[in-house]
Amino acid sequence: MSTASLVLMSTCVLLLTCTHAKIGYFWHITDFHYDPLYSPQGDTRKHCHRTDDRGSSGHHRSLGRFGDYACDSPLELIASALRYMRTRHSENVEFVLWTGGIIASKYSGKDVDRYQAIRNMTELLRMTFSSHFVFPVLGYTDPAPSETLTNLWSHWLPLEALQTLKNGGYYTIEQTQSKLRIVALNTNLFTVREQNTVHARRQWEWLDSVLEKAIANKEMVYIVGHAAPGSDSRYNSISAEANEKYLRTIRQYARIIAGQFFGHLHADTFRVIYDKEQPVSWALLAPSISPHREQGGSTNPGLRLYKFDTDSGKVLDYTQFYLDLVSANRADSGAEWVAEYNLTQYYGLRDVSAESLHGLAEKLRTNTPHDATFFSRYLRAYNVKYEYADICDGACAHQHYCAITCLEHLAYQQCVEATASALAASGRSATLIAPLVTIILTFIASFIVM
């Protein structure tokens with residue numbers, strides 16, 4: 001074999017090795033909603049979301065070992081999730097995104113008890129990922145930034161990050177081995193109550209300076225937060241002003257934003273951000289570890305593992321995992337977490353990009369017989385394979401489309417109202433046409449009789 005052939009082979013091997021070395025993984029976990037008081041012998045009237053969740057006999061039914069759709073999370077559910085995470089790609093996991101909602105929404109313990117609950121979750125994560133960094137953000141159920149909270153997470157974050165975390169609940173992480181920067185936001189400062197505070201103003205100023213620095217350093221950016229932009233959710237408390245400002249920021253810096261990652265909604269969905277009607281950025285919303293019940297259906301507990309290029313930060317794919325809560329509570333063997341779907345294969349996407357997710361959104365909107373398959377797939381993922389969700393009619397389907405593509409408050413409202421008007425007009429047309437069809441058929445029948 002010639003020297004040139006050997007050189008060529010060596011180069012190919014080197015390229016393959018380098019390409020393989022660029023691939024890494026990171027977990028996204030969100031909304032533990034840990035309830036230290038949960039017990040299978042507990043009282044749903046005291047600890048759970050609903051007070052009317054009774055069996056047919058009128059007595060409160062017993063709660064499951066791993067949780068209940070009407071309740072926040074028991075320790076055993078969260079522990080089972082973290083045990084499972086440890087078994088998946090542990091050698092190639094770069095970090096973990098933990099996007100808030102740590103404490104149960106109805107847990108009314110004293111501050112010392114709330115911090116103890118967060119300490120328990122932090123230690124559980126620390127033991128699970130002893131050699132990995134976990135990047136936490138604050139959710140609506142969590143305490144305000146403080147030195148106590150900062151001390152709990154000091155083993156994960158550098159000094160500069162700890163300083164801004166303590167003062168405002170936000171921070172940035174510069175990756176030493178790549179050109180990927182993580183920007184962790186405190187979306188609690190986007191609420192109506194907080195939007196005009198000093199801390200909120202400082203976060204906006206800080207965010208602009210960090211993104212400008214990323215441009216100067218030729219870095220790509222992951223933006224991580226609890227609540228995503230938009231106005232569709234009953235749980236959304238981001239002010240219209242903060243929402244608009246955030247979207248303007250994303251449009252301005254879209255070329256360096258490699259991904260946006262949020263939780264809060266307790267459902268599996270996504271958002272597409274447009275600039276002059278062109279898709280320029282995307283946000284992926286991960287479902288919660290906490291089971292969830294709301295009007296229209298429930299969601300099973302979920303975990304998400306992303307695959308990405310560790311140099312550029314480009315998201316290549318993700319695998320969604322879930323726990324069938326009903327089956328887990330029935331089984332004697334414990335919780336069996338399994339893969340639910342792989343993003344690109346499940347939806348037939350070419351890649352994970354604003355353009356591809358825009359195309360998926362359009363398929364959800366048209367809802368033709370072929371595209372109806374995409375919507376049924378989307379709805380199954382949205383509910384994390386909960387089998388008993390209510391039927392989603394045409395208006396419901398279009399509302400999902402509006403939520404995905406119309407993130408400005410006014411645009412979303414106009415999108416939903418336009419659909420309602422079209423459906424109403426369609427109903428009126430059907431009402432007017434029906435008598436006319438009857439007359440025509442009667443007329444034709446008379447000729448047949450003759």
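In the predicted model, Ile223 of strand β6 stands opposite Gln260 in β7, and these two strands, β6 and β7, pair in the parallel sense over 4 bridges. Strand β6 also pairs with strand β5 (residues 180-184), again in the parallel sense, over 5 bridges, and here Ala184 stands opposite Val224 of β6. The connection between β5 and β6 involves helix α7 (residues 198-216), the three elements together making a right-handed β-α-β unit. Strand β6 is mostly covered, with 4 of its 5 residues buried.

Aromatic side chains were examined next, and the count comes to 30 aromatic pairs. In one of these, the rings of Trp98 and Trp156 have their centres 6.3 Å apart and their planes at 85 degrees, and because planes over 60 degrees apart count as edge-to-face, the pair is assigned to that class. The pair links distant parts of the chain, with Trp98 placed in strand β2 (residues 93-98) and Trp156 in the loop between α5 (147-152) and α6 (159-168), 58 residues apart. Both Trp98 and Trp156 are buried. A further pair is formed by Tyr222 and Phe261, whose ring centres lie 4.9 Å apart with the planes at 75 degrees, so this pair is likewise edge-to-face. Since Tyr222 belongs to strand β6 (residues 220-224) and Phe261 to strand β7 (residues 257-262), the contact between the rings ties together parts that are 39 residues apart in sequence. Tyr222 is buried, with a relative accessible area of 0%, and Phe261 is also buried, its relative accessible area being 0%.

Charged groups are also found over aromatic rings. Arg365 lies over the face of Tyr401, at 5.6 Å from the ring centre, whereas the charged end of Arg377 sits over the ring of Tyr346, 5.0 Å from the centre of that ring.

Helix α4 (residues 111-128) was considered with respect to both its length and its surroundings. At 1.5 Å a residue, the 18 residues of α4 should span 26 Å, and the end C-alpha atoms of the helix are 26 Å apart, which agrees with that expectation. The buried residues of α4 are Arg114, Tyr115, Ala117, Ile118, Met121, Thr122, Leu124, Leu125 and Thr128. In an α-helix with 3.6 residues a turn, residues three or four places apart point the same way. The buried residues of α4 pack against several elements, namely β1 (23-29), α3 (75-86), β2, β3 (133-136) and α5.

Note on methods
Residues numbered from 1 in each chain as written. Predicted model: local features only at pLDDT ≥ 70, side-chain atom pairs only at ≥ 80, totals over all residues. Heavy atoms only, no water. Phe/Tyr/Trp six-rings, centres within 6.5 Å; stacked < 30°, edge-to-face > 60°. Buried < 20%, exposed > 50% of the residue type's maximum accessible area, 1.4 Å probe, protein only. Lys NZ or Arg CZ within 6 Å of the ring centre and 35° of its normal. Expected span 1.5 Å × (residues − 1). Contact = heavy atoms within 4.5 Å. Pairing = 2+ DSSP bridges. Right-handed = clockwise from strand over helix to strand, strands pointing away.
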